[in-house]
There are 2 protein chains.
Amino acid sequence: MTKPTDDQLAKLGAAFDGFARRYKLADPDGIERSLNEIDKYTLRFVADHPGCGPTDLARYLGVPTTTASSATDRLARRGLLQRDRVEGDRRAVALRLSAEGEALVADLVAAYRALCRMMLERLSPTERDSFIGMITKIVYHDD
Amino acid sequence: MTKPTDDQLAKLGAAFDGFARRYKLADPDGIERSLNEIDKYTLRFVADHPGCGPTDLARYLGVPTTTASSATDRLARRGLLQRDRVEGDRRAVALRLSAEGEALVADLVAAYRALCRMMLERLSPTERDSFIGMITKIVYHDD
DNA sequence: CCAGATATGACGATATTCGTACTATTCAAT
DNA sequence: ATTGAATAGTACGAATATCGTCATATCTGG
């Protein structure tokens, strides 16, 4: 397989820089700022895995369990998720979103989706599927 | 202009999730981990703007000047950048990378470039320019 | 029944962000 | 020249975050 040219690498790098930059500066005081990165990932993970425990979360995020524990504690204090006891294993806790947490995740997902929409709208309808196909290939191609 | 479909949005969102995730978990103990995000951006900004001051940096990063000042202080203590006095304005300091800082930025850029290369190699040569063109359009298209 | 694995949290060391307040300069307009 | 406002930078401290170490409760295989 031919190698990417230096010019291609430079252009792609510059584009990603610009992307990260715009994405970060775009939302100066929205939902994004009220939660830190780990907390946002936590809420989304719990939304997708109701009943999971802090240890599952830690594995998923690649952080120590104490960090995950802190995060769930923080979010529970803010009323965004609840820690239920599990019957069958009395060591474990089952994490679930509260109603408020569900609402916040919905907002997060909506904001995220709006970002995706804005990106796709800058492409022609023909390009959109092509772009999605390529980025999917990049992300999920294992080797 | 037709709107992106829900299916397209979902696929793109999932791909970005996967991307962010792989990118973060990929490098458990490389250069990336030894510096925090702001410090990495700072080094790269100073590399591109030698002689700039903390205030320029703060504007660029969208953080308070005290945060930028902390970052430059931290990096200066670690010997990665130096703060020179400027003749012509005795309030200002001119930030420059030290030799060690230059070396570290070179490593960072190389790692970044390697990531870009890996991504492009997963596409066919024909797709590469197409992908770069589309992502460039997404990032730089103003409206 | 017991050794070892597992789930979780308490606590503290260290580090980061950022608001407030301060100093040293420079600039602009009289 | 003078002086009041704007500007560059930083010191300091409060609030907060990560994560290592240690303790506790519980499960599980033999």
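The following exercises, with worked solutions, concern a predicted model.

**Exercise 1.** Determine what relation links chain A to chain B.

*Solution.* Step 1: Chain A can be superposed on chain B with an RMSD of 0.1 Å. The operation is a turn of 180° with a shift of 0.0 Å along the axis. Step 2: The relation is therefore that of a two-fold axis. Step 3: Both copies use the same surface, since 100% of the contact residues of chain A recur in chain B.

**Exercise 2.** Identify which residue of chain A comes closest to the rotation axis.

*Solution.* Judged by its C-alpha, A:Phe131 is that residue, at 3.3 Å from the axis.

**Exercise 3.** Describe the protein surface near DNA strand D.

*Solution.* Step 1: DNA strand D is surrounded by 23 residues, and the closest are A:Arg74, A:Arg90, B:Thr55, B:Arg91 and B:Val93. Step 2: By class, the residues of this surface are six nonpolar, 10 polar and seven charged. Step 3: At least two residues each come from helix 5 (65-77) of chain A and from helix 4 (54-61) and helix 5 (65-77) of chain B. Helix 5 of chain A gives the most, with four residues.

**Exercise 4.** Establish which parts of DNA strand D lie within 4 Å of the protein, and name side chains that approach them.

*Solution.* Step 1: Of the strand D atoms within 4 Å of the protein, 72% belong to sugar or phosphate and the rest to bases. Step 2: On the phosphate side, a polar side-chain atom of A:Thr67 lies 3.2 Å from a phosphate oxygen, and one of B:Arg83 also lies 3.2 Å from a phosphate oxygen. Step 3: On the base side, an N or O atom in the side chain of B:Arg91 is 2.5 Å from a base oxygen.

Conventions: Residues numbered from 1 in each chain as written. Chains lettered and ligands numbered in written order. Predicted model: local features only at pLDDT ≥ 70, side-chain atom pairs only at ≥ 80, totals over all residues. Heavy atoms only, no water. Least-squares fit on C-alpha atoms with pLDDT ≥ 70 in both. Contact = heavy atoms within 4.5 Å. Near = heavy atom within 4 Å. Polar contact = N/O pair within 3.5 Å; in protein donor to acceptor, adjacent residues only side chain to side chain. Nonpolar A, V, L, I, M, F, W, Y, C, P; charged D, E, K, R; others polar.
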